[in-house]
Amino acid sequence: MWMDTFQSFLSIAIELSILFVVISFVINLLQAYIPYEKVEKYLGGKNKGIGALFALLFAFVTPFCSCSTIPVVVNMLKKKMPFSIVMVFLFSSPVLDPTIITIMGVLLGWKVTILYTIITAVFSVIIGFALEALGFEKSVKNVVMSGYQKETKKFDVKVALLETMNLMRSVYPYLLLGAAIGAVIHGLVPTNWIASTFGSDNWWIVPIAAVVGIPLYIRLSSMIPISQVLIAKGMALGPVMALMISSAGASLPEVVLLKSIFKKELVIMFVLSVITMSTISGFIFYLV
């Protein structure tokens with residue numbers, strides 16, 4: 001049994017390693033062609049519809065986790081960008097990681113991945129505009145940020161390789177952790193138990209998964225291999241995606257950081273919004 005678990009870990013880890021290195025390297029090469037100055041111009045423009053689209057684009061091309069999104073959010077607020085656009089970026093950036101989404105497509109299927117991308121993007125826009133309409137812009141503290149610098153990238157294979165290695169140092173351990181947990185689930189947890197406990201009939205698992213995901217702080221890079229095994233074992237897609245979105249969209253470290261730039265009511269609304277987005281998304285995936 002343990003040998004089977006170890007072999008499963010090696011299989012998952014090798015597949016993830018190849019995908020991660022290749023996809024990250026290609027994305028880092030393509031970063032040179034992204035006109036960041038034009039994107040920033042549209043983000044702060046008068047047309048908020050276009051601004052929201054560019055916020056989603058900016059979120060997609062900047063591979064940040066929930067915590068590393070915060071300095072960018074502060075910089076956007078300093079530049080007086082519309083509050084709704086900043087919120088769209090805040091909610092979408094950690095869940096629309098280009099490398100992880102590509103890996104998700106390979107491991108979980110492109111139908112699931114496309115639906116995931118559409119759902120998270122749409123909810124990010126809705127929540128961003130709703131928070132502005134409800135007047136939460138007044139709940140932003142005056143924060144002075146230092147140390148943030150916008151980089152101008154050039155097409156350079158060596159630089160792309162170095163950035164891939166740097167990204168591996170920060171993200172790769174979570175991929176391996178996810179592979180290890182997935183292998184343990186695959187080898188030691190009975191299929192019948194997962195299917196009966198977390199199967200499609202138990203709809204109430206979805207909101208529980210959405211709430212549990214935030215304090216667990218399971219990064220999206222760890223959740224992909226875990227999700228693959230859970231789905232293969234018979235767990236319904238709904239709670240899997242609810243857990244994935246909530247754990248990526250918010251975390252305890254991020255909430256602590258947000259308290260330094262947002263007042264308490266906005267922090268609470270941020271957490272509730274992520275839970276709501278995760279729960280509704282989970283129920284939508286039941287229909288897939």
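This report describes the predicted model of a helical chain, from its overall make-up down to selected residues.

## Overall make-up

The chain holds 14 helices and zero strands. Read from the N terminus, the order of elements is α-α-α-α-α-α-α-α-α-α-α-α-α-α. Of its 288 residues, 51% count as buried. Contacts with a separation of 6 or more are dominated by distant pairs: residues 24 or more positions apart account for 85% of them.

An unreviewed UniProt entry adds an annotation. Under "transmembrane region" it lists residues 12-34, 54-74, 86-108, 114-136, 171-189, 201-218, 230-252 and 267-287. Two of these spans can be set against the model. Residues 114-136 are 87% helix and 0% strand, and the end C-alpha atoms of that span lie 31 Å apart. Residues 267-287 are 90% helix and 0% strand, with end C-alpha atoms 31 Å apart.

## Helix 7 against helix 14

How do the axes of helix 7 and helix 14 cross? Helix 7 covers residues 110-133, and its axis comes within 10 Å of that of helix 14, at a crossing angle of roughly 145°. The crossing is right-handed. Helix 7 brings Val112, Leu115, Tyr116, Ile119, Thr120, Phe123, Ser124, Ile127 and Leu131 to the contact. From helix 14 come Leu266, Met269, Ser273, Met277, Ile280, Ser281, Ile284 and Phe285. By class, the contact has 13 nonpolar and four polar residues, and no charged ones.

Spacing along a helix matters here. Since an α-helix has 3.6 residues a turn, residues three or four places apart point the same way. The helix 14 list includes Met269, Ser273 and Met277. On helix 7, Leu115, Ile119 and Phe123 are among the contact residues.

## Other residues of helix 14

Thr279 sits in helix 14, which spans residues 264-285. Is Thr279 buried or exposed? Thr279 counts as buried because its relative accessibility is 13%, under the 20% limit. A polar atom of the Thr279 side chain lies 2.8 Å from the backbone oxygen of Ile275. Beyond its neighbours within four places in sequence, Thr279 is in contact with Val206, Pro207 and Ala210.

Ile275 belongs to helix 14 too. Leaving out residues up to four places away in sequence, Ile275 touches Ala210, Val211 and Ile214. Ala210 thus appears in the contacts of Thr279 and in those of Ile275.

Ala210 also turns up beside Leu243, a residue of helix 12 (residues 237-249). The C-alpha atoms of Leu243 and Ala210 lie 5.1 Å apart. Leu243 counts as buried, with 12% relative accessibility.

## Pairs distant in sequence

Four pairs are listed here by their C-alpha to C-alpha distance.

| Pair | Separation in sequence | C-alpha distance |
|---|---|---|
| Ile70 and Leu90 | 20 residues | 7.7 Å |
| Leu243 and Ala210 | 33 residues | 5.1 Å |
| Ile275 and Ile214 | 61 residues | 8.3 Å |
| Ser260 and Asn142 | 118 residues | 9.5 Å |

## Around helices 4 and 5

Ile70 is found in helix 4, residues 69-78. At 6% relative accessibility, Ile70 is buried. Which residues does Ile70 contact, leaving aside its neighbours within four places in sequence? They are Leu90, Glu254, Leu257, Leu258 and Ile261.

Leu90 is one of the buried residues of helix 5. Helix 5 runs over residues 83-92 and is mostly covered, with 10 of its 10 residues buried. Phe83, Met87 and Phe91 are among them, as are Ser84 and Ser92.

## Two serines

Ser227 lies in helix 11 (residues 220-233). Its relative accessible area is 0%, so Ser227 is buried. Its contacts, apart from neighbours within four places in sequence, are Leu108, Val240 and Met244.

Ser260 lies in a loop, between helix 13 (252-258) and helix 14. What is the accessibility of Ser260? Its relative accessible area is 46%, so Ser260 is partly exposed, falling between the 20% and 50% limits. In space, Ser260 and Asn142 are 9.5 Å apart, C-alpha to C-alpha.

Technical notes: Residues are numbered from 1 along each chain as its sequence is written. This is a predicted model: local features need pLDDT of at least 70, side-chain atom pairs count only at pLDDT 80 or more; totals for chains, interfaces and linings use all residues. Side-chain values use heavy atoms; hydrogens and water are left out. Helices (H or I, at least four residues) and strands (E, at least two) are DSSP runs, numbered from the N terminus. Buried means under 20% relative accessible area, exposed over 50%, partly exposed in between (1.4 Å probe, protein chains only). A polar contact is a pair of N or O atoms within 3.5 Å; within protein, one must be able to donate a hydrogen and the other to accept it, and residues adjacent in sequence count only if both atoms are side-chain atoms. Contact means heavy atoms within 4.5 Å. Axes are lines fitted to C-alpha atoms, for helices over the stretch in contact, and angles run from 0 to 180 degrees between N-to-C directions. A crossing is left-handed if the near helix is turned anticlockwise from the far one by less than a right angle, and right-handed if clockwise. Ala, Val, Leu, Ile, Met, Phe, Trp, Tyr, Cys and Pro count as nonpolar, Asp, Glu, Lys and Arg as charged, and the others, Gly among them, as polar. UniProt positions are given in the numbering used here, feature names are shortened, and annotations may be inferred rather than shown by experiment.
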